[in-house]
Amino acid sequence: MRAIDVHVHPSTRGLDTHACHYFRRELNQVPQTAETFADLYIKQDVRALLIGWHPSTVREGARNSNEHVIDLAVSYPDAFAGVLASLDVNAANLDEVARYAEGLLRHASVKGFKFHPPDQGFYPSDKKFYKIWDILQSGNKPVMFHVGFTVLGANTDGGSGIALDYGRPIHLDTLARDFPRMKIIAAHPGWPWEQELIGVLTHKKNVYGDISGYLAEQLPEIFLKAIRGRLQDKALFGTDFPYVDLEKALTSFDKVDFKSAAKERILFSNAQALFQL
Ligand SMILES: [Zn+2]
C-alpha cells in the first residue's frame with residue numbers, strides 16, 4: 001500500500017458543487033458512482049478513510065450519512081479502510097447522540113469521528129459536549145476536527161451563516177488538555193492560524209494534523225517546515241477528495257523534499273498506528 005488518505009469525502013453523495021468550483025474541479029472528473037470512486041483509490045494503491053458528515057450548505061442531491069460511508073467501506077475494502085463517523089451536535093437530546101456514538105464505536109468499520117465546528121456552529125471546548133467526548137475518549141478511536149478557513153460559505157454575504165472562529169486551533173488545545181487520552185486530529189494546516197496550530201501540535205502530544213485541502217507544495221511554508229522536521233510523527237496525509245484530486249496530491253507530495261523516513265511516516269505509518277489499521 002502506497003498511502004492512507006485520512007480525509008476523504010465520498011463523491012457519491014453530498015457533493016458540494018460550490019467547493020468543487022472553488023478548487024477548480026470539473027464535475028465530469030469526479031467519480032459519482034461507488035464503483036468508479038473505489039476504482040480510483042484501488043488504482044493508486046491508496047486506502048481512504050471516508051467521512052460521514054454532510055455539509056449544511058449542500059441541499060441538492062442525495063445526502064451523505066454514516067450509513068452511506070459504512071456501506072461503501074464494507075462493499076469496497078480494497079479501496080476504503082473504514083469511516084470517520086459524524087454526530088449531530090445540534091440535536092435537542094445529547095444523551096441520545098451519546099448512545100448513538102456508543103453504537104458506532106462498536107462497529108468495526110468505524111475507525112474514528114469527524115466534526116466540522118464552523119459548519120456545525122460549535123466550540124469543541126464547550127463543556128456541554130463533554131459527556132460525548134468522554135464516550136469517544138473511552139472508545140479509543142481518533143476524533144478529527146476541521147480547523148481554519150473553510151470554503152463552505154466562502155465569498156457569500158455573511159459567509160452563509162458560518163463563523164470561522166469555531167475553527168480556531170486553540171479550542172483543540174483546551175480539549176486536548178481536558179481529554180489527554182483522546183487522540184485529536186486537526187484537519188488542514190489551520191490557515192490563517194497555522195502558527196497557532198503548530199503551537200498546539202508541539203505542546204499537546206495527543207494532537208495530530210492532516211495536510212488535506214492543499215497540494216503539498218502549496219502548504220503554508222511554516223507548516224511545511226514543521227512537518228518536514230520535528231512534527232513528522234504527527235502529520236498525516238489527506239487530500240480532502242473530491243475537492244483535491246488524489247493523483248495530483250500524490251504527485252505534489254513526491255515533489256516536496258521530505259527525508260524518506262518522514263515521507264513514509266506521513267503517507268502511511270503515522271495513520272496506520274493512529275487508527276490501528
Ligand atoms: Zn474535508
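Author: Helices (H or I, at least four residues) and strands (E, at least two) are DSSP runs, numbered from the N terminus. By that definition the protein chain has 11 helices and eight strands. The model is predicted: local features need pLDDT of at least 70, side-chain atom pairs count only at pLDDT 80 or more, and totals for chains, interfaces and linings use all residues. Residues are numbered from 1 along each chain as its sequence is written.

Reader: What makes the protein chain as compact as a globular protein of that length?

Author: The yardstick is the globule rule, 2.2 Å times the number of residues to the power 0.38, with the radius of gyration taken over C-alpha atoms. For 277 residues the rule gives 19 Å and the radius of gyration is 17 Å, which is close, so the chain counts as compact as a globular protein of that length.

Reader: Why is the sheet called open, and which strands stand at the edges?

Author: Two strands pair if DSSP finds at least two bridges between them. The eight strands follow the order 1-2-3-4-5-6-7-8 with parallel pairing. Strand 1 (3-8) and strand 8 (235-236) each have a single partner strand, so one side of each lacks a neighbour in the sheet.

Reader: How do you know that strand 5 pairs with strand 4 and with strand 6?

Author: Pairing takes at least two bridges. Strand 4 and strand 5 have three, in the parallel sense, and Lys114 stands opposite Met144 in strand 5. Four bridges join strand 5 to strand 6 (residues 184-187), also parallel; there His146 has Ala187 as its bridge partner.

Reader: What makes both faces of strand 5 covered?

Author: A residue is buried if 20 or more other C-beta atoms, placed from the backbone, lie within 10 Å of its own (exposed if 12 or fewer, partly exposed in between). Val143 and Phe145 on one side are buried, as are Met144 and His146 on the other. In a regular strand the side chains alternate between the two faces of the sheet.

Reader: And how do you know that the buried residues of helix 6 are on the same side?

Author: The buried residues of helix 6 (residues 130-139) are Ile132, Trp133 and Leu136. They cover an arc of only 95 degrees around the axis, which puts them on the same side of helix 6; the arc is that of the directions from the helix axis to the C-beta atoms. These buried residues pack against helix 4 (94-105), strand 4 (110-115) and strand 5 (143-146), where contact puts C-beta atoms within 7 Å.

Notes. Two residues are in contact if their C-beta atoms, placed from the backbone, lie within 7 Å.
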